[in-house]
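Thanks for coming, everyone. Let me walk you through one structure, piece by piece. Please have a look at it first.

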Amino acid sequence: MLSTNGAKPNQGTFVSVLGACSNLAGLGEGQQIHQIVSKTVYQDSTFVVSALINMYSKCGELKTARKMFDDGMTSQRDLDLDLVSWNGIIAAYAHHGCGKEAIRLFNELRKSGFKPDDVTYVGLISACSHAGLVEEGLKYFDELVKDGSILVREDHYACLVDLCGRAGRLKEAVDFIERLETKPSASVWGALLAGCNVHANAKIGKLAAKKLLEVEPENAGTYMLLSNIYASTGKWKEASRVRLKMKDKGLKKQPGCSWIEVRNRVHAFVVGDKSHSQSKLIYSLIHDLHSKMKKVGYEPNNVFLSDEY
């Protein structure tokens, strides 16, 4: 955190570095930065506190993120948490699918005298979407539109489409998009396509993919999703045509990658990867998890499983 000429980190430095830790799920590094922050005047910065809340949330430490928020609320250092901090903790609960808690915090925010802004509503509607609280999400979107003082932007539209899409209310999502006075963005069509993929709706999926490719013609992921939708509905010829078109265009989707840090060592994995030294044990555990999931009623969609799985 110190350069060779002795320059010291400032608020912007801490926010940027904590953001990097969030994106990489680097909990250990984030905790080290937190320790450094606690020894500086920036521990009282609402921007730094919000960055810490975001970091702990993205690293899976929701309880710690909430503690950071609560400590700020009851701090003896006169740390007056502003709307940025409220938005941060609401987004944290949204990230973890805790819709009811996000709504409770939203109500507390208002009682505390704060007026929600556009960012607040993105987090709130997203939380409702991830938790399956469709009616609540629709209510808050309607409230946002009627407010008039807050600019409704593409992120809000995408959240609403995602809300309906996840719940299988795809026709409702299409009707909403058609009523928009502005040209729908790639994020809006992408949210609709994702919903079609979950609920295997080839008709609307084809429309969403077509519109998305008009905006992003070189997006390999769109072709893959449309192919998967066709495959899930038994339309193998259509699925094959989409893959062939993708191949003719020279498009190739980067394989999904995930990683985890264990004892200061980062372990990375891609789809169907068996290069890890403990791959046999890992796959054995995965199959065991699948068996347990089936016992509680979960039915996996085998169309999308790799042969390596």
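Let's start with one residue, Leu226. Setting aside neighbours within four places in sequence, Leu226 is in contact with Gly205, Lys206, Ala209 and Val242. Contact here means heavy atoms within 4.5 Å. Leu226 sits in helix H13, residues 220-232. Helices are DSSP runs of H or I with at least four residues, strands are runs of E with at least two, and both are numbered from the N terminus. Leu226 is buried, at a relative accessible area of 11%. The cut-offs are these: buried is under 20% relative accessible area, exposed is over 50%, and partly exposed is in between, with a 1.4 Å probe and protein chains only. Now a long step: Leu226 and Arg153 are 73 residues apart in sequence, and their C-alpha atoms are 27 Å apart in space.

A word on the source. This is a predicted model, where local features need pLDDT of at least 70 and side-chain atom pairs count only at pLDDT 80 or more, while totals for chains, interfaces and linings use all residues. Residues are numbered from 1 along each chain as its sequence is written, and side-chain values use heavy atoms, with hydrogens and water left out.

Now the whole protein. How many helices and strands does the secondary structure come to? It comes to 15 helices and two strands. The C-alpha atoms fill a box of roughly 65 × 55 × 45 Å, taken along the principal axes. The protein has 309 residues, and 39% of them count as buried. Take the contacts with a separation of 6 or more: residues 24 or more positions apart account for 57% of those.

Next, a helix pair. Two packed helices are described by the angle between their axes and the distance between the axes. Our pair is H3, residues 46-58, and H5, residues 83-95. Their axes come within 9 Å and cross at roughly 5°. That makes H3 roughly parallel to H5. For the terms: axes are lines fitted to C-alpha atoms, for helices over the stretch in contact, and angles run from 0 to 180 degrees between N-to-C directions. Under 35 degrees counts as roughly parallel, over 145 as roughly antiparallel, 65 to 115 as roughly perpendicular, and the rest as oblique.

Which residues meet there? From H3, we have Thr46, Phe47, Ser50, Ile53, Ser57 and Lys58. From H5, we have Val84, Ser85, Gly88, Ile89, Ala92 and His95. By class, the contact of H3 with H5 has five nonpolar, six polar and one charged residues. Nonpolar covers Ala, Val, Leu, Ile, Met, Phe, Trp, Tyr, Cys and Pro; charged covers Asp, Glu, Lys and Arg; the others, Gly among them, are polar.

On to helix H9, residues 154-166, where Asp155 lies. Asp155 is partly exposed, at 37% relative accessible area. Its side chain joins that of Arg153 through a polar contact of 2.5 Å. A polar contact is a pair of N or O atoms within 3.5 Å; within protein, one must be able to donate a hydrogen and the other to accept it, and residues adjacent in sequence count only if both atoms are side-chain atoms. His156 is also found in helix H9. Buried or exposed? His156 is buried, with a relative accessible area of 0%. Not counting residues up to four places away in sequence, His156 touches Asp118, Tyr121, Val122, Phe141, Leu144 and Leu151.

Now helix H7, residues 118-131, home of Ser126. Ser126 is buried, at 18% relative accessible area. Beyond its neighbours within four places, Ser126 contacts Ala94 and Cys159.

That brings us to cysteines. How many disulfides does a search of the whole structure find? Zero. A disulfide is a pair of cysteine sulfur atoms within 2.5 Å. For Cys98, the closest cysteine sulfur is in Cys128, 12 Å away, too far for a bond. For Cys128, the closest is in Cys159, at 9.9 Å, also too far for a bond. Cys128 is buried, at 0% relative accessible area, whereas Cys98 is partly exposed, at 28%.

Last, two backbone angles. Most residues other than glycine have a negative phi. Ala25, though, has a positive phi near 55°. Ala25 is in the loop between helix H1 (11-24) and helix H2 (27-37). Ala200 has a positive phi too, about 50°. Ala200 is in the loop between helix H11 (186-199) and helix H12 (202-215).
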